[in-house]
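Please open the structure in your viewer and keep the selection tool at hand. The tour below moves from the whole chain to single residues, one selection at a time.

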Amino acid sequence: QVQVVESGGGLVQAGGSLRLSCAASGRTFSTYVMGWFRQAPGKEREFVARISWNSGRTSYADSVKERFTISRDNAKNTVYLQMNSLKSEDTAVYYCAAARSYHPGTYSDNYDYWGQGTQVTVSS
């Protein structure tokens, strides 16, 4: 069906930047929205950002707005998450997900295909 693979995680000091990549393959024509989620140890998974393949419209969680930017390269079936001004609170495993729905919103249950996750650690 659809495979999703994240990359680009790592260790960075507070105030620094990281760029995550999410490569989708398989029947990508069946997906309409791509999203980023994150989960810190002992905490619930939370929505970070999403983007529409066709329109490029984006949406962000309040906690990352003005610091993170989601973008896409349709020719490469790849979505990016540029993270700037990183804080220790951003430390988490970041997951990329693909939705068959046009409007999956912020609910993880509305996303159908998930990557394995990539660790982001921000030191302070």
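Colour the chain by secondary structure and follow it along the sequence: in this predicted model, the pattern reads β-β-β-β-β-β-β-β-β-β-β. The protein has 11 strands and zero helices.

Stay with the whole chain and show the C-alpha trace, which spans about 40 × 30 × 25 Å along its principal axes. A compact globule of 124 residues would have a radius of gyration near 14 Å, and because the protein has 13 Å, its value agrees with that expectation. If you now display the contacts between residues with a separation of 6 or more, 56% of them are accounted for by residues 24 or more positions apart.

Next, switch on the surface. The protein exposes about 6600 Å², of which carbon and sulfur atoms supply 44%. Buried residues make up 44% of the 124 residues, where buried means under 20% relative accessible area.

Now select strands β1, β3, β8 and β7. Together they form an open sheet of four strands in the order β1-β3-β8-β7, and the pairing is antiparallel. Which strands are the edge strands, pairing on one side only? They are β1, residues 2-7, and β7, residues 68-73. Looking across the sheet, you can follow a twist that averages 15° from one strand to the next.

Narrow the selection to β7 and to β8, which covers residues 78-83; these two strands run antiparallel and are joined by six bridges. To find one facing pair, pick F68, which stands opposite M83 in β8.

The last stop is at the cysteines. How many disulfides does the structure hold? It holds one disulfide, and selecting C22 together with C96 brings it into view, with the two sulfur atoms 1.9 Å apart. In general, a disulfide is a covalent bond between the sulfur atoms of two cysteines. For the link of C22 and C96, the angle about the S-S bond is -80°, and the link is left-handed.

Keep both cysteines selected and show the strands that carry them. C22 lies in strand β3, residues 18-26, and C96 lies in strand β9, residues 92-99, so the pair ties together parts that are 74 residues apart in sequence. β3 is a strand you have already met, as a member of the open sheet of four. Are these two cysteines, C22 and C96, buried or exposed? Turn the surface on once more to check: both C22 and C96 are buried.

How values were computed. Residues numbered from 1 in each chain as written. Predicted model: local features only at pLDDT ≥ 70, side-chain atom pairs only at ≥ 80, totals over all residues. Heavy atoms only, no water. Pairing = 2+ DSSP bridges. Axes fitted to C-alpha atoms, helices over the stretch in contact; angles between N-to-C directions. Rg over C-alpha atoms; globule rule 2.2 N^0.38 Å. Buried < 20%, exposed > 50% of the residue type's maximum accessible area, 1.4 Å probe, protein only. Contact = heavy atoms within 4.5 Å. Areas by Shrake-Rupley, 256 points an atom, 1.4 Å probe, with all protein chains shown as cover. Disulfide = S-S within 2.5 Å.
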